[in-house]
Amino acid sequence: MNPAADAPAAPTRRFVAVALAEHDLLPPLPRALADAAELAQLLGERHGYDTEVLANPTRDAVQDCLASASLAKADLILYWIGHGRRAPDGALQLLGTKGDRVLANAAELGEWVAQTGAQQVLLLL
């Protein structure tokens with residue numbers, strides 16, 4: 001018996017949507033979850049993507065989702081729907097659901113994606 005042959009195959013195409021629809025100090029984004037789910041369904045059904053939609057996640061949930069993805073030689077689409085702003089130094093900050101709390105900045109997001117090992121990445125912000 002070969003354990004490697006019995007293990008589930010790693011995805012070759014992965015879609016992760018981060019949909020931040022609810023905000024306590026900023027306007028809500030009422031279509032965020034529906035748009036993310038519709039795109040996930042389309043990519044899954046028509047193009048064979050392994051999909052996951054994170055609804056109003058915490059920073060840890062996003063980081064854990066990307067860290068758990070073993071995507072060596074795979075393609076990754078990361079779709080981020082939410083509010084953002086420029087930091088005083090000009091860097092992009094992606095805001096979470098609690099006030100103006102920063103969920104991630106662009107540099108961190110880049111590091112998280114790089115750690116997946118994906119061969120190709122499409123980042124939609």
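This is a short tour of the structure above, one selection at a time.

**Before you start**

You're looking at a predicted model, where local features need pLDDT of at least 70, side-chain atom pairs count only at pLDDT 80 or more, and totals for chains, interfaces and linings use all residues. Residues are numbered from 1 along each chain as its sequence is written, and side-chain values use heavy atoms, with hydrogens and water left out.

**Stop 1: the whole chain**

Show the protein chain as a cartoon and you'll find four helices and seven strands. Helices here are DSSP runs of H or I with at least four residues, strands are E runs of at least two, and both are numbered from the N terminus. Along the sequence they come in the pattern α-β-α-β-α-β-β-β-β-α-β.

Now try a surface. The protein chain exposes about 7200 Å², with 53% of that supplied by carbon and sulfur atoms; accessible areas come from the Shrake-Rupley method with a 1.4 Å probe, and for residues only the protein chains shown count as cover. Of the 125 residues, 35% are buried. Buried means under 20% relative accessible area, exposed over 50%, and partly exposed in between (1.4 Å probe, protein chains only).

**Stop 2: the parallel sheet**

Select S1, S2, S3 and S7. They form an open sheet of four strands in the order S2-S1-S3-S7, with parallel pairing. Two strands pair if DSSP finds at least two bridges between them. S2 (50–55) and S7 sit at the edges, each pairing on one side only. From one strand to the next, the twist averages 10 degrees; axes are lines fitted to C-alpha atoms, for helices over the stretch in contact, and angles run from 0 to 180 degrees between N-to-C directions.

Zoom in on S3 (75–81). Six of its seven residues are buried, so this strand is mostly covered. S1 and S3 run parallel and are joined by seven bridges, and alanine 19 stands opposite isoleucine 81 in S3. S3 also pairs with S7, in the parallel sense, over five bridges. For one of these partnerships, pick leucine 76, whose bridge partner in S7 is valine 121.

Add helix H2 (residues 32–47), and you'll see it lying across S1 (13–19), S2 and S3, at about 175 degrees to S1.

**Stop 3: arginine 14**

Stay on strand S1 and select arginine 14. Is this residue buried or exposed? Arginine 14 counts as buried because its relative accessibility is 7%. Its side chain makes a polar contact with the side chain of glutamate 52, at 2.8 Å. (A polar contact is a pair of N or O atoms within 3.5 Å; within protein, one must be able to donate a hydrogen and the other to accept it, and residues adjacent in sequence count only if both atoms are side-chain atoms.)

Leaving aside neighbours within four places in sequence, the residues in contact with arginine 14 include Tyr49, Asp50, Cys65, Leu71 and Ile77. Contact means heavy atoms within 4.5 Å.

**Stop 4: a loop residue**

Move to the loop between S2 and H3 and click on asparagine 56. Though not a glycine, asparagine 56 has a positive phi of about 50 degrees. It is partly exposed, with a relative accessible area of 26%.

**Stop 5: the antiparallel sheet**

Next, select S4, S5 and S6, an open sheet of three strands in the order S4-S5-S6, with antiparallel pairing. Its edge strands are S4 (84–86) and S6, each pairing on one side only. Here the twist averages 30 degrees from one strand to the next. S5 and S6 pair over three bridges, and if you select leucine 95, its bridge partner in S6 is valine 102.

**Stop 6: helix H4**

Finish on H4 (residues 106–114), where Glu108, Leu109, Trp112 and Val113 are buried. Why do they share a side of H4? They cover an arc of only 135 degrees around the axis, which puts them on the same side; the arc is that of the directions from the helix axis to the C-beta atoms. On the other side of H4, Ala107 and Ala114 are exposed.

What covers the buried residues? Helix H3 (59–68) and strands S3, S5, S6 and S7 are among the elements doing so. H4 lies across S5 and S6, running at about 70 degrees to S6.

Last click: asparagine 105, which caps the N-terminal end of H4, with a side-chain oxygen 3.0 Å from the backbone nitrogen of alanine 107.
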